[in-house]
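Okay, thanks for coming, everyone. Let me put the sequence and the structure up on the screen, and then I'll talk you through them.

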Amino acid sequence: MLPPAAIAAEKQPAAGGAPRKKTFLVVEGHLDDAEIGAGGVLIQAARAGHRVVIVTVASDYSSWAATVGREERTKREQMELAQSFGFEKRFLDGKYHQTDGTDLALKRKLAEIYVELKPDVAFISHHEDLWPDHVNSGLAARDAFLFSHGLSRDMRPQRSPLIYAFGVTPVQTYHFEPDVFYDVTDVMPQYMDLICRIEAIRTGRPLK
């Protein structure tokens with residue numbers, strides 16, 4: 001992750017012109033993984049003027065009991081929430097608990113997004129987790145990002161300078177020893193609000 005000084009530096013004009021804005025790309029298994037696992041950093045990035053794109057793999061909401069009957073509403077509310085925080089959100093419409101990390105079609109979709117966006121920073125789920133959508137979205141994204149030149153129409157190697165794995169909760173992710181720590185104190189109220197709002201969308205319950 002970028003240190004605070006690096007993100008702050010992006011706000012300052014570079015010599016000879018405006019600073020180049022960075023692109024942050026996150027691949028999540030479920031609709032709330034990125035928001036919980038990396039939301040504070042994403043809020044800081046968006047506030048600094050960087051582009052933040054979240055790709056949700058398991059987003060066929062007809063395949064999960066909690067969202068059956070409100071599939072389109074679930075997507076619409078996610079889009080509205082993302083926009084309110086300065087994020088973009090895309091859906092790959094995979095079925096819940098059926099994500100396959102060896103699925104070439106999934107890897108190709110992610111590789112095409114990777115080539116399109118050319119992210120400066122990428123986040124993926126840690127590969128040791130109890131939830132199959134977390135594990136397999138992370139494995140597919142890792143291969144897509146490291147080997148997009150074999151999985152996309154662009155044969156030129158394109159490696160993101162920074163790819164980080166995140167965990168959603170210590171209860172779900174095991175053998176995960178964080179080695180990057182990032183201070184999000186300045187956006188903690190907004191981070192907590194983001195988590196509350198995405199959970200209200202996930203559960204269909206009122207925000208309060």
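I'll start with the whole chain and then stop at two residues.

First thing to keep in mind: what you're looking at is a predicted model. So how confident is the predictor in this one? The mean pLDDT of the protein chain is 91, and 92% of its residues reach 70 or more. There's a patch to watch, though. Over residues 4–11, pLDDT stays under 50, and for that stretch the model has twelve contacts beyond four places in sequence. As a rule, where pLDDT is low, the predicted coordinates shouldn't be read in detail. Please don't squint at those contacts, then.

Okay, the overall layout. We've got seven helices and five strands in the protein chain. Going from the N terminus, the elements run α-β-α-β-α-β-α-β-α-α-β-α.

What about the overall dimensions? Along the principal axes, the C-alpha atoms fill a box of roughly 55 × 45 × 35 Å. The radius of gyration is 17 Å, and since a compact globule with 208 residues would have a value near 17 Å, the two agree.

Now, the inside and the outside. Of the 208 residues, 50% count as buried. The accessible surface of the chain comes to about 10,400 Å², and 56% of that belongs to carbon and sulfur atoms. And if you take the contacts with a separation of 6 or more, residues 24 or more positions apart account for 77% of them.

Let's zoom in on Phe24, please. You'll find Phe24 in strand 1. Is Phe24 buried or exposed? Its relative accessibility is 1%, and the cut-off for buried is under 20%, so Phe24 counts as buried. Have a look at Ala46 as well: Phe24 and Ala46 are 22 residues apart in sequence, while C-alpha to C-alpha they're 9.0 Å apart in space.

Last stop, Asp32. Asp32 sits in the loop between strand 1, residues 23–28, and helix 2, residues 33–47. You might guess a loop aspartate would be out in the open, but check the number: Asp32 counts as buried, because its relative accessibility is 8%. Which residues does Asp32 touch, leaving out those up to four places away in sequence? Those are Ile198, Glu199 and Arg202. With Arg202, there's a polar contact, side chain to side chain, at 3.4 Å.

That's my tour; over to you for questions.

How values were computed
Residues numbered from 1 in each chain as written. Predicted model: local features only at pLDDT ≥ 70, side-chain atom pairs only at ≥ 80, totals over all residues. Heavy atoms only, no water. Helix = DSSP H or I, 4+ residues; strand = E, 2+ residues; numbered from the N terminus. Buried < 20%, exposed > 50% of the residue type's maximum accessible area, 1.4 Å probe, protein only. Polar contact = N/O pair within 3.5 Å; in protein donor to acceptor, adjacent residues only side chain to side chain. Contact = heavy atoms within 4.5 Å. pLDDT = per-residue confidence, 0-100. Rg over C-alpha atoms; globule rule 2.2 N^0.38 Å. Areas by Shrake-Rupley, 256 points an atom, 1.4 Å probe, with all protein chains shown as cover.
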